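Let's walk through this structure together, moving from charged side chains to enclosed space. Keep the viewer open as you read.

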Amino acid sequence: MESLKYYIVDVFAEAKYTGNQLAVFTNAGALTTSQMQAIAREINYSETTFIVSEQAVSGGYDVKIFTPAQEIPFAGHPTLGTAYILQREVIKQSAQRVILNLQVGQIPVNIDSSGANEPYLWMQQKAPDFSKEIFSTEIIAEVLGIEISEIDTKYPVQAVSTGLPFIIVPLKNLASLKRAKVNQDKYYNLIQYIEAKSILIFCPETYYPENHLNVRVFCDFLGVPEDPATGSANGCLAGYLVEHSYFGKNEIDTRVEQGYEINRPSLILLKAHQKYKSEPIEVHVGGKVIMVAQGEFV
């Protein structure tokens, strides 16, 4: 195997060494799937991405995403982080939009460089798909090690997907969110026969008053016990907030905290709207990407 160039970036980060870490390999077209998986396991971040074509194909760049445990069709912070590296290190010129060809389809990323500092990157996710199954609060409380009374039963516990499904759990306050701890046996019993393998919990109480929600995401099945910033899950949350009128309206412009409980504070921006109930919900997820390091695998 020839040497491979890689970059490390922090995504959904307001400063270096915050947000969610991502390794991006730029000249990965010759790698096999098993080699990519072995490298992702060695890196051991929530995800590692591989740009398998440095030339545009159908207007976008072919990219594969791996957790330490398996390849996945879509993920949020890898999409933004890889778009940042594509624009900076592959395209090598200013671009307002970069398109990634992922297993889930083409995902466009818009780059807003109007500010003085690092640009904000925004991805438009697939329209959310809502599971008809509503999960039992008793079972979910057991999985999370909390009381049933700590779940906000004004809203359903429901699986939502914008390319990767997550079980969305509304909690009442930050104390409950901080106390949650996944019971492994009950978790694996829950996900055994369903498509959604990961859980997002959220509450309206935050560490900082300028933010609107606090979130935690658990992805043990994917080899990530807790993720510091999850764009795919928060895209699902954005759709959920609109679908169930969490803020009392059919559109949101929301600041989300994540990662504080594992010392990787992150800021994720959500925009979503639905003009008419008969139309799909449009979801956009944004944040900053900051370069941290670069090197070679030999």
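Arg 88 is a good place to begin: in this predicted model, its relative accessibility is 39%, so it counts as partly exposed, since that label covers values between 20% and 50%. Its side chain meets that of Glu 89 in a salt bridge, with a nitrogen-to-oxygen distance of 3.1 Å. This pair is one of 8 salt bridges that the structure holds.

Now turn to Glu 150 and Arg 179, whose side chains also meet in a salt bridge, here at 2.0 Å from N to O. Glu 150 sits in the loop between α3 (137-144) and β10 (158-161), while Arg 179 belongs to helix α4 (residues 174-179), so the contact ties together parts of the sequence that are 29 residues apart. Are the two partners buried or exposed? Glu 150 has a relative accessibility of 9% and is therefore buried, because the cut-off is under 20%. Arg 179, with a relative accessible area of 47%, is partly exposed.

A third salt bridge to look at joins Asp 10 and Arg 264, whose closest N and O atoms are 3.2 Å apart. This one links distant parts of the chain: Asp 10 lies in strand β1 (residues 4-11), and Arg 264 lies in the loop between β15 (251-258) and β16 (266-273), 254 residues apart. Asp 10 counts as buried at 2% relative accessibility. Arg 264 is buried too, with a relative accessible area of 15%.

From the charged pairs, let's move on to the enclosed space. How many cavities of 30 Å³ or more does the count give? The count comes to 1 cavity, and the volume of the largest cavity is about 80 Å³. There are 16 residues lining the largest cavity, and those closest to its centre are Glu 47, Cys 219, Asp 227, Thr 230 and Ser 232.

Which elements build this lining? At least two residues each come from α2 (76-91), β14 (224-227) and α6 (231-243). Of the elements, α2 gives the most, with 3 residues. By residue type, the lining of the largest cavity splits into 8 nonpolar, 6 polar and 2 charged residues. On the domain level, domain 1 (4-124 + 288-297) and domain 2 (129-280) each contribute at least three residues to the lining of the largest cavity.

How values were computed:
Residues are numbered from 1 along each chain as its sequence is written. This is a predicted model: local features need pLDDT of at least 70, side-chain atom pairs count only at pLDDT 80 or more; totals for chains, interfaces and linings use all residues. Side-chain values use heavy atoms; hydrogens and water are left out. On a 1 Å grid over the protein atoms alone, a cavity is a set of points where a 1.4 Å probe fits but cannot get out, and a pocket is an open set with protein on both sides within 12 Å along at least five of seven lines; lining residues have an atom within 4 Å of a point. Grid points are joined across faces, edges and corners, and a volume is the space filled by probe spheres set on the points. Helices (H or I, at least four residues) and strands (E, at least two) are DSSP runs, numbered from the N terminus. Ala, Val, Leu, Ile, Met, Phe, Trp, Tyr, Cys and Pro count as nonpolar, Asp, Glu, Lys and Arg as charged, and the others, Gly among them, as polar. Domain bounds come from an automatic or database domain assignment. A salt bridge is a side-chain nitrogen of Lys or Arg within 4 Å of a carboxyl oxygen of Asp or Glu. Buried means under 20% relative accessible area, exposed over 50%, partly exposed in between (1.4 Å probe, protein chains only).
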